[in-house]
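Okay, thanks for coming, everyone. I've got one structure to walk you through today, so let me put it up.

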Amino acid sequence: MGTELLAPLDLAFWHLESDAHPMHLGALAVFAPAPGAGPERILDLLATRAAAIPRLRMCVRDVLLPVGGKAWTVDKGFDVHRHVERVVVADGDFMAEATRLAGELMERPLGRGLPPWRMYLIGGADGGPFAVLVKLHHALADGMRAVAIGAGIFDEIAAVTSARTAARGRPAVPPRSWLPDPREMAGMALGRIGEVGRALGVGASVVRAGRLDLWGPSAFTAPSSGTRRLATADLDAGDLQRIRRAEGGTANDILLAVVAGALRRWMAGRGEVLPAADPRALVPVSRRRPGGAAASGNRLSAYLLGLPVGAADPRDRLRAVRTAMDRNKAAGPLKGAGAVAVLADQLPPLAHRFGAPLAANAARMLFDVLVTSVPLPRSALSLGGCPLTALYPMAPLARGQSLAVALSTYGGRVHVGLVADGKALPDLDRLAEAVEEEFTELYAVVTGTDRTPVS
């Protein structure tokens, strides 16, 4: 892999970062123990497999042209041991300790002079369960691309990758220059004219969807502290499909309705008055085409959704979400404030450098909470023979945001990762419990069958 410019949206994520707002994605993968798979062997496997992933050898460097741009280049002094670390948790409830520690580790920004990623092996007593926390800067990958990169640590993916590499050797990848071929200049000029028109249309949609009437006082409007808490919830994927068959819509519609109901429960438990206007969720949408080229940069837009916390009945909340999401999909991902990511793709590098502070402060005008779904491989995965039992994705917090919710499905379970500002939401564990309680109630209302919440 040679040198390539950061795509405009990647550059935006790079400049949006501050010490109090690190812009990295994360995932906490939990494994069951297996004979002979001690921590030293697992740590060695992590280092060896991470070092074999070309993308993880890339760091960000300044370039002369275009002005304000940056490029991915191979770190000539790459040392994987700077990026892989073992952390021992105290005896006791392993998951409670692992999630607490993961929250603290997510607070730390990634060093800018090195490839922007870290992996932590989190374990307690030898022979017990362990977890791997993966942190990837959002400039390096969006959710789908992060899964493709991070999957390289698993036994099944690493074996296939090694076999393919051995079969074809290591072909040289020509570097991507940031100076276009003169013959391409005319075509690029025409393309930019079209992009300007597209950007104006997207920009108008963003402005129209912006808000001056922000959600009333709550934990979501608290000043950012730079601290992070992580909480997790687990739902039954089979029950999710049963709800879907009964009510229609998509699995994502159901999960969004569950988040809305959980927020309602959580606010009621805090003694908060329900807001007059529904809180807004930003729901990322991938713009990657199935079967298309695996572009390395971010390919995102998003939908905006008013989470119907004011509706008292779980089925009414689900139907409200379905209606709103159907409307979003009919309009397409280039409409509404969620299209700000597409707009970022149309701006020149210099605009990102100087406009990042303004864009960061504007996030609060557009949405209140991020809710995203991350697709995972359906096959069983393992690390050093230790089976993966759960994987909780984690999304970054924008400036002015106190909560992000990410969901993934694996092994018949929906794993929910909640990331929050530690001081604004010290009771995040209660919100995680409310997610499970709401899912249980929705299942009971839709199917007429009770379910005991997952402990």
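Before I name any residues, one definition: a cavity here is a set of grid points where a 1.4 Å probe fits but cannot get out, and a residue lines it if one of its atoms is within 4 Å of a point. Rolling a probe the size of a water molecule over the atoms shows where empty space is left. And please keep in mind that this is a predicted model.

So which residues line the largest cavity? They are Pro22, His24, Met106, Arg228, Ala395, Pro396, Leu397 and Val419. By type, that lining splits into six nonpolar residues, one polar and one charged. The volume of the largest cavity comes out at about 40 Å³. If you're wondering how many cavities of 30 Å³ or more the structure holds, the count is one.

Okay, stepping back to the whole chain. We've got 455 residues, and 51% of them count as buried. The chain has 12 helices and 15 strands. Now take the contacts with a separation of 6 or more: 79% of those are between residues 24 or more positions apart.

Let's zoom in on helix 2, residues 39-51. How far apart should the ends of its 13 residues be, at 1.5 Å a residue? The expected span is 18 Å, and the end C-alpha atoms are 18 Å apart in the model, so the two agree. Quite a few names to read out on the buried side: Ile42, Leu45, Leu46, Ala47, Arg49, Ala50 and Ala51 are the buried residues of helix 2.

Arg41 is in helix 2 too. Is Arg41 buried, exposed or partly exposed? Its relative accessibility is 42%, and because buried means under 20% and exposed over 50%, Arg41 counts as partly exposed. Leaving out residues up to four places away in sequence, Arg41 touches Gly36 and Gly384. Look at that second partner: Arg41 and Gly384 are 343 residues apart in sequence, yet their C-alpha atoms are 7.7 Å apart in space.

Last thing, confidence. The mean pLDDT of the chain is 79, with 73% of residues at 70 or more. Over residues 170-209, though, pLDDT stays under 50, and the model gives that stretch 43 contacts beyond four places in sequence. Residues 290-294 are also below 50, and that stretch has two contacts beyond near neighbours in sequence. Where pLDDT is low, the predicted coordinates should not be read in detail.

That's me done; happy to go back to any of the views.

Notes
Residues are numbered from 1 along each chain as its sequence is written. This is a predicted model: local features need pLDDT of at least 70, side-chain atom pairs count only at pLDDT 80 or more; totals for chains, interfaces and linings use all residues. Side-chain values use heavy atoms; hydrogens and water are left out. pLDDT is the predictor's confidence in each residue, from 0 to 100. Contact means heavy atoms within 4.5 Å. On a 1 Å grid over the protein atoms alone, a cavity is a set of points where a 1.4 Å probe fits but cannot get out, and a pocket is an open set with protein on both sides within 12 Å along at least five of seven lines; lining residues have an atom within 4 Å of a point. Grid points are joined across faces, edges and corners, and a volume is the space filled by probe spheres set on the points. Ala, Val, Leu, Ile, Met, Phe, Trp, Tyr, Cys and Pro count as nonpolar, Asp, Glu, Lys and Arg as charged, and the others, Gly among them, as polar. Helices (H or I, at least four residues) and strands (E, at least two) are DSSP runs, numbered from the N terminus. The expected span of a helix is 1.5 Å times one less than its number of residues. Buried means under 20% relative accessible area, exposed over 50%, partly exposed in between (1.4 Å probe, protein chains only).
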